[in-house]
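Open your viewer and get ready to select residues as we go. We will make a few stops, and at each one you will hear what to pick and what to look for.

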Amino acid sequence: MKSRSLASLLTGALLLATAAVGQSVVGGVADAAPSSIISVQPGNTDQHKIITVYSESMGTDVPLDVLVPKDSSKPAPTFYLLNGAGGGEDSASWALRTDYVDYFKNKHVNVVTPLKGKFSYYTDWQQADETIGKHMWQTFLTKELPPLLDKELNTTGKNGIAGISMAGTSVLNLAIADPELYEITASYSGCARTSDPVGQRYIRMVVEDRGKADTRNMWGPYKGAGWRANDPYLNAEKLRGTQVYLSSNSGLPGQDESLSPGSSATEGVALADRVALGGAIEAATNVCTQQMAQRLAQLKIPATVKIRPQGTHSWGYWERELHSSWPMIAKAIGA
């Protein structure tokens, strides 16, 4: 595995990745625009709410999955937890694929997850796209949303952010763009190399092949300054002062890659896809994660790095990684 280059690993993943879970990056900061909370609706439990916020910068309503602590009278910090390429608009979400509702029910923290933003890389696009519309996610997540939630949820003003796959890159860029907002950023199976040819091709597979949009509307010409401005590896110095958690798996089959007795043929096919496709993608992000870790070490920026010997690009591993990283996140934000 170590002898294979990032290019060969990621190229192999790209050949398979038309139906894959993507990754994410974030763009430049725009001026704050006013927005207002439209509604707060009860969710599936007493601690679950659906908060819908109108984004002035995007001109659209954004639904948020929000978990609140049992004792709402005492201020609590906020933990932004982002989904992958589907943006939570599909079945691939923290709520539907993990135990996060039960996991956080006895923790004194607000957990906020947008349920929109598929194939957007949670960035500020340079211009609207005729297929997927206008995206100003960095402005929304760093400027419009936090002050509204601070008021609505009675927060402490301390924030952390984490994300998987597509958003595993986004959360690094968000922390780079607004270092004063987040105490900690945690990237699970993300890739910080976005402006080199291989990383750029991966992003184009997610946005163009899957999302049918044009990445030049996102960051401009393929070899232009917009891509370099949204490359966490190149801009790693700006993470100084923010706590960083990076994790990835090797791509080799692990504890989730086995069939129980009596499994159907459909389950067998799904598992085979996860081993082949998810393994290839995770092997590539593993190399990328190690490169980002090396870059931070060169800059003498502290980071906690977990390189797991087994595991594919899939939810079981991300659920366990959330559990593994939570003590560090909780300490950083005072949860």
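**Stop one: cavities**

This is a predicted model, and it holds three cavities of 30 Å³ or more. Let's visit the second largest cavity, with about 50 Å³ of space in it. To find the second largest cavity, select its lining: Leu172, Ser187, Gly190, Cys191, Ala192, Leu246, Ser247, Cys288, Thr289 and Met292.

Which elements each supply at least two residues of this lining? They are β8 (243-249) and α9 (265-298). Colour α9 for a clearer view, since α9 gives the largest share of the lining of the second largest cavity, three residues. Now try colouring the lining by class: you should find six nonpolar residues, four polar ones and no charged ones.

**Stop two: a kinked helix**

Next, select residues 137-152, which make up helix α4. Follow the helix along to Leu145, where there is a kink of about 50°. The proline Pro146 comes shortly after the kink.

Which residues of α4 are buried? Among them are Trp137, Phe140, Leu145, Pro146 and Leu149. Glu144 and Gln138 are on the list of buried residues too. Then step past the end of the helix: just after α4, click on Asn154, which takes a positive phi of about 55°.

**Stop three: aromatic rings**

Time to show side chains. The model has 15 aromatic pairs. One of them joins Phe79 and Phe104, with 6.1 Å from centre to centre and 50° between the planes, so it counts as tilted, a label for angles that are neither under 30 degrees nor over 60. This pair links distant parts of the chain: Phe79 belongs to strand β4 (residues 76-82) and Phe104 to helix α3 (residues 100-104), 25 residues apart.

Are Phe79 and Phe104 buried or exposed? Both Phe79 and Phe104 are buried. Now add Tyr100, Tyr103 and Trp326 to your selection, and you will have one aromatic cluster together with Phe79 and Phe104.

**Stop four: charges over rings**

Stay with Tyr103 from the cluster and add Lys107. The charged end of Lys107 sits over the ring of Tyr103, 3.9 Å from the ring centre. For another example, select Arg193 and Tyr233: here Arg193 lies over the face of Tyr233, at 3.9 Å from the centre of the ring.

Note on methods: Residues are numbered from 1 along each chain as its sequence is written. This is a predicted model: local features need pLDDT of at least 70, side-chain atom pairs count only at pLDDT 80 or more; totals for chains, interfaces and linings use all residues. Side-chain values use heavy atoms; hydrogens and water are left out. Rings of Phe, Tyr and Trp (its six-membered ring) pair if their centres lie within 6.5 Å; planes under 30 degrees apart count as stacked, over 60 as edge-to-face and the rest as tilted. Helices (H or I, at least four residues) and strands (E, at least two) are DSSP runs, numbered from the N terminus. Buried means under 20% relative accessible area, exposed over 50%, partly exposed in between (1.4 Å probe, protein chains only). A charge sits over a ring if NZ of Lys or CZ of Arg is within 6 Å of the ring centre and within 35 degrees of the ring normal. On a 1 Å grid over the protein atoms alone, a cavity is a set of points where a 1.4 Å probe fits but cannot get out, and a pocket is an open set with protein on both sides within 12 Å along at least five of seven lines; lining residues have an atom within 4 Å of a point. Grid points are joined across faces, edges and corners, and a volume is the space filled by probe spheres set on the points. Ala, Val, Leu, Ile, Met, Phe, Trp, Tyr, Cys and Pro count as nonpolar, Asp, Glu, Lys and Arg as charged, and the others, Gly among them, as polar. The bend at a residue is the angle between axes fitted to the seven residues ending there and the seven starting there.
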